[in-house]
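Visitor: I would like a walk through this model, with a reason behind each label. Please set every value against its cut-off.

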Amino acid sequence: MIANDEHTTIHAVEQGGESERFSLIKQVRLWEMYAAMVKCRITAETAQQMRAHGRDVANLDATLGWEATAAAVTVDLHTEDGLSITTESMLAALLKGAKLETLLAGPRNAAAHQSAETVGLGVGLLPQHDSNEARLHTACGVAMAHKMRRSGRVVVAFLETDEEVLASNRQALAFCGRHGLPMVLVDLHATNQRTSLVEHQSDEALAGFAHGVPVIAADGSDVVAVYRVVSEALGRARMNRGATLIECLGPTHEATRAWRNDEQPHDPIAAMESYLGEKGLFRKERKDEIIAEFQQELRAAIGNPLV
């Protein structure tokens, strides 16, 4: 079952039936997510421009097209909730409080193996490791500590998608399912891919279980759809009802290349603008304010990006 603007899905997977409608999302939350998406896009495009001018900065091209997922996953995280990122989800760190100058330098530096907070990666952003297995081991360990303390805190961990890391992903899922960890695992897939993690998956619906963990699919370019699924998954985790795996289906490699050529098929930001417009909420002057404010923040953090 692919999440949409109408229905919950975790309940449907657990109970095997139709679910109740979500309550309406507050306007302020919709605008927060839209602003977060715009900031992610500007950051990735700024990094592209800086690299084109010979600046040694992080390559954020893989984040293009995933702005909706980054915004939806992070907008309701608490300060002390944990977040473990991958290459595609790197800009989720920005939304969790990472400093722009640290993020643009790339997360896999020597300092990132120390305390994430002391190097400016933001409170709750878990340190990177040299392997996917070690990164997920850390994430599961933090989640286990939250569970034992009954803290109500959660860990969100994005999964690497390369074939060679499937074993470590399965191990992490099995550990989550066995111990009922307060985690939300997010698997990013191109729309022309199918996951290798889901068990008993039907051809009609991308929904099921992976090692006892409910698995839900959402359109990764639809911030509202992802938010609705993530919101329920976070609620489950905070109530110690266990982990959820969210399969976010996003742009193909061809689509992400199109962004570099100013072609924007299924642009998540344009889609959100249309959604806000249909609700009578979109204001171009507000968009301009968001862009201006963030560009000022960028200049304050890194100076002129083209120098």
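Guide: What follows is a set of questions on labels, each settled by a value and a rule.

Guide: This is a predicted model, where local features need pLDDT of at least 70, side-chain atom pairs count only at pLDDT 80 or more, and totals for chains, interfaces and linings use all residues. Residues are numbered from 1 along each chain as its sequence is written, and side-chain values use heavy atoms, with hydrogens and water left out.

Visitor: What is the mean pLDDT of the chain?

Guide: pLDDT is the predictor's confidence in each residue, from 0 to 100. The chain has a mean of 80, and 75% of its residues reach 70 or more. Over residues 1-23 the pLDDT is below 50, and this stretch has 60 contacts in the model beyond near neighbours in sequence. Contact means heavy atoms within 4.5 Å. Residues 107-121 also stay under 50, with 29 contacts beyond four places in sequence.

Visitor: Why is the pair D76 and R29 called a salt bridge?

Guide: The rule asks for a side-chain nitrogen of Lys or Arg within 4 Å of a carboxyl oxygen of Asp or Glu. For D76 and R29 the closest N and O atoms are 2.9 Å apart, so the pair qualifies. The two residues are 47 apart and link distant parts of the chain: D76 sits in the loop between α3 (67-74) and β2 (82-84), R29 in helix α2 (residues 27-52). Helices (H or I, at least four residues) and strands (E, at least two) are DSSP runs, numbered from the N terminus. R29, E32 and D76 are linked in a network of salt bridges. A search of the whole structure finds nine salt bridges.

Visitor: What makes D76 buried, and how is R29 classed?

Guide: Buried means under 20% relative accessible area, exposed over 50%, and partly exposed in between (1.4 Å probe, protein chains only). D76 has 19%, so D76 counts as buried. R29 has 21%, so R29 counts as partly exposed.

Visitor: How do you know that R41 and D267 form a salt bridge?

Guide: Their closest N and O atoms are 2.8 Å apart, so the rule is met. This pair links distant parts of the chain, 226 residues apart: R41 is in helix α2, D267 in the loop between α9 (253-260) and α10 (268-278). R41 is buried at 7%. D267 is buried at 6%.

Visitor: What separates R286 and E289 along helix α11?

Guide: They are three residues apart in helix α11 (residues 284-302), so about one helical turn separates them. Their side chains meet in a salt bridge, 3.2 Å from N to O. R286 is partly exposed at 31%. E289 is partly exposed at 40%.

Visitor: Why is A70 called buried?

Guide: A70 has 6% relative accessibility, so A70 counts as buried. A70 lies in helix α3. Leaving aside neighbours within four places in sequence, A70 is in contact with C40, A92 and L95. The C-alpha atoms of A70 and L91 are 6.8 Å apart, with their positions 21 residues apart along the chain.

Visitor: What makes strand β6 largely enclosed?

Guide: Six of the seven residues of β6 (residues 213-219) are buried, so the rest of the structure largely encloses this strand.

Visitor: How do you know that β6 and β7 pair?

Guide: Two strands pair if DSSP finds at least two bridges between them. β6 and β7 (residues 244-250) have five, in the parallel sense, so they pair. D219 stands opposite L249 in β7.

Visitor: How many disulfides are there?

Guide: The count is zero. A disulfide is a pair of cysteine sulfur atoms within 2.5 Å. For C140 the nearest cysteine sulfur, that of C176, is 4.2 Å away, so C140 is in no disulfide. C140 is buried at 6%.

Visitor: Why does the phi of R150 draw attention?

Guide: Most residues other than glycine have a negative phi. Phi of R150 is near 50°, a positive value in a residue other than glycine. R150 lies in the loop between α6 (132-149) and β3 (155-159). At 67% relative accessibility, R150 counts as exposed. N240 also has a positive phi, near 60°. N240 is partly exposed at 27%.
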